[in-house]
Every structure is written in structure tokens, then in C-alpha cells.
Amino acid sequence: MNKWIILAALAAIAAPAHAKQRTVIDALPQEIINNNHIVGVEVVVADTAQEKLQVLEAKAAGKRAAAGLGEYDAAGATERPGKQSYATLPFSVMFPLVMQDVTREWGLTPGKGTPVKLRVTLESIKTADAGMAILIGSSDQLAGTVDVLDAQGTQQLGSFYVHVVNTHGGWGGMLMRGGGVREKLAEEFALESARVLTGSSRKNRKKDNAAKSAAIDTPAVAQ
């Protein structure tokens, strides 16, 4: 009994851990690394991820209904959804938006270099179990293969595998986890993708870009 109490106490003070992994399968041509931009993202959901995704989709639909919004009509949409609505969108709509947002933050802005399309095949989705997290830790996971294609989607330029694991331990870890798990996993997946597309392993390219812009905009002080 004392053993379990000690384990629970240790888990309660554990901070959430974030493990991220990316593996290049077919390397991108050197000339397009950090010299490309995304013009489209296709999401393919493997059978192994369908069941869990449907649970998350139902939650998103519930949030949309609670907000007084009708079913999202991608074909009839006339403008890009704002970030505040991402949690209410179907995964097939939300995920490409997040991929574009993150890669643009990493400098892969519209018009830069080679236009590419991504075909993302999701193979595994998992959400943390609260009971297990409190005792020994549990994790949110998203894994899949990213095929990088030309703008027409007919020629494969490269591919890589991403496996995002966000582990949470104890009450504190679950509280810090908060809501929006689906969107957070998508953002982490996009971050790993951005690192491959830019050839960079930096933790926060957005801050790097902001610092560079500030340095350029700030006039030199005469000595």
C-alpha cells in the first residue's frame, strides 16, 4: 500500500514531458530544403487511426454546436477560418491549416521557392488516460508518414515519418495538459514537419525570425 502511495505522490509532482521524433525516409532534394512553401495538404487516415479520430471528431462537432455554428461546409467556405475556430473544425480542415500556419512561421511563406503539396497518412492517434497519468504517466500521441509532392501532386520529392509523444504525469501534468489536445498534437506534428522542410533542428524558428527582422529594422547606432 505504501508503495502505491509513494508512486502516486511522485507522479503528482511530475511535469509533463514532451518527446518528439522525426525520421527521414527519402531525403528531399537539397535545392528545395528551406526553399519551398506548402500549397496543399491532403490528409489520409489509416484504419489504425480511424476509431480514435472519430472520438475526437465528435468532440469537435460538439464544440461547434455549443458555439451555435452549423456543420462546416468546406466547399461553400469563402474565407480562411480563423485560429479561434480550429477546435470546432473537422480534422481534415483543421490539420492543413495548422501545417500551413506553422511552416509559415518557420519562414516557408507563400511564394518562396518550390511549391509543394503534402500527403499526410495518419497511422496512429492516442489520447492520455487520466487514471494512468495520475499513477504512472500517460501520453497523447500522433504518428504518420508525410509524402512531399510537387505542386501537381504527381511526383514524390521525398518523405519522412513523424511520431509526436506528449507524456503527462500526475494531477499537475493533466492540469497543464488542458484542452485542445487534438490541435496541440497537430501543431507538434507540424513543428516536426517544419524542421524537416527547413533542414533545421531549432526549437523555435518563429522567435529566430522575429529577432532577425528586429535586427534588420533597427537602425545602427552611430559610434
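These notes cover the overall make-up of a predicted model, one helix pair and two loop residues.

1. **Model and fold order.** The model is predicted. The protein chain holds seven helices and five strands. Along the sequence, their order is α-β-β-α-α-β-α-β-β-α-α-α.

2. **Burial and surface.** The protein chain has 223 residues, and 39% of them are buried. Its accessible surface is about 12,200 Å². Carbon and sulfur atoms supply 57% of that surface.

3. **Contact range.** Take the contacts in the protein chain with a separation of 6 or more. Of these, 75% join residues 24 or more positions apart.

4. **Packing of α3 on α6.** Two packed helices are described by the angle between their axes and the distance between the axes. Helix α3 spans residues 91–105, and helix α6 spans residues 181–198. The two pack at an angle of about 45°. Their axes lie 8 Å apart. The angle therefore makes α3 oblique to α6. The crossing of the two helices is right-handed.

5. **Who makes the α3–α6 contact.** From α3 come Phe91, Met94, Phe95, Val98, Met99, Val102 and Thr103. From α6 come Arg182, Glu183, Ala186, Glu187, Phe189, Ala190, Leu191, Ser193, Ala194 and Leu197. By class, the contact has 12 nonpolar residues, two polar and three charged. Thr103 of α3 and Ser193 of α6 are the polar pair. The charged residues are Arg182, Glu183 and Glu187, from α6.

6. **Asparagine 34.** This residue deserves a look at its backbone. Phi of asparagine 34 is near 60°, a positive value in a residue other than glycine. Asparagine 34 sits in the loop between β1 (17–26) and β2 (36–45). Its relative accessibility is 25%, so asparagine 34 counts as partly exposed. The cut-off for buried is under 20%.

7. **Glycine 113.** Here the loop is the one between α3 and β3 (114–126). Glycine 113 has 37% relative accessibility and so counts as partly exposed. What does glycine 113 contact, leaving aside neighbours within four places in sequence? The partners are Asn35, Asn36 and His37. Asn36 and His37 fall within β2 (36–45).

8. **A long step in sequence.** Glycine 113 and isoleucine 33 are 80 residues apart in sequence. In space, their C-alpha atoms are 9.2 Å apart. Isoleucine 33 directly precedes asparagine 34 in the numbering. View this pair together with the contacts of glycine 113 to Asn35, Asn36 and His37.

Methods
Predicted model: local features only at pLDDT ≥ 70, side-chain atom pairs only at ≥ 80, totals over all residues. Heavy atoms only, no water. Axes fitted to C-alpha atoms, helices over the stretch in contact; angles between N-to-C directions. Helix = DSSP H or I, 4+ residues; strand = E, 2+ residues; numbered from the N terminus. Parallel < 35°, antiparallel > 145°, perpendicular 65-115°, else oblique. Left-handed = near helix turned anticlockwise from the far one by under 90°. Contact = heavy atoms within 4.5 Å. Buried < 20%, exposed > 50% of the residue type's maximum accessible area, 1.4 Å probe, protein only. Areas by Shrake-Rupley, 256 points an atom, 1.4 Å probe, with all protein chains shown as cover.
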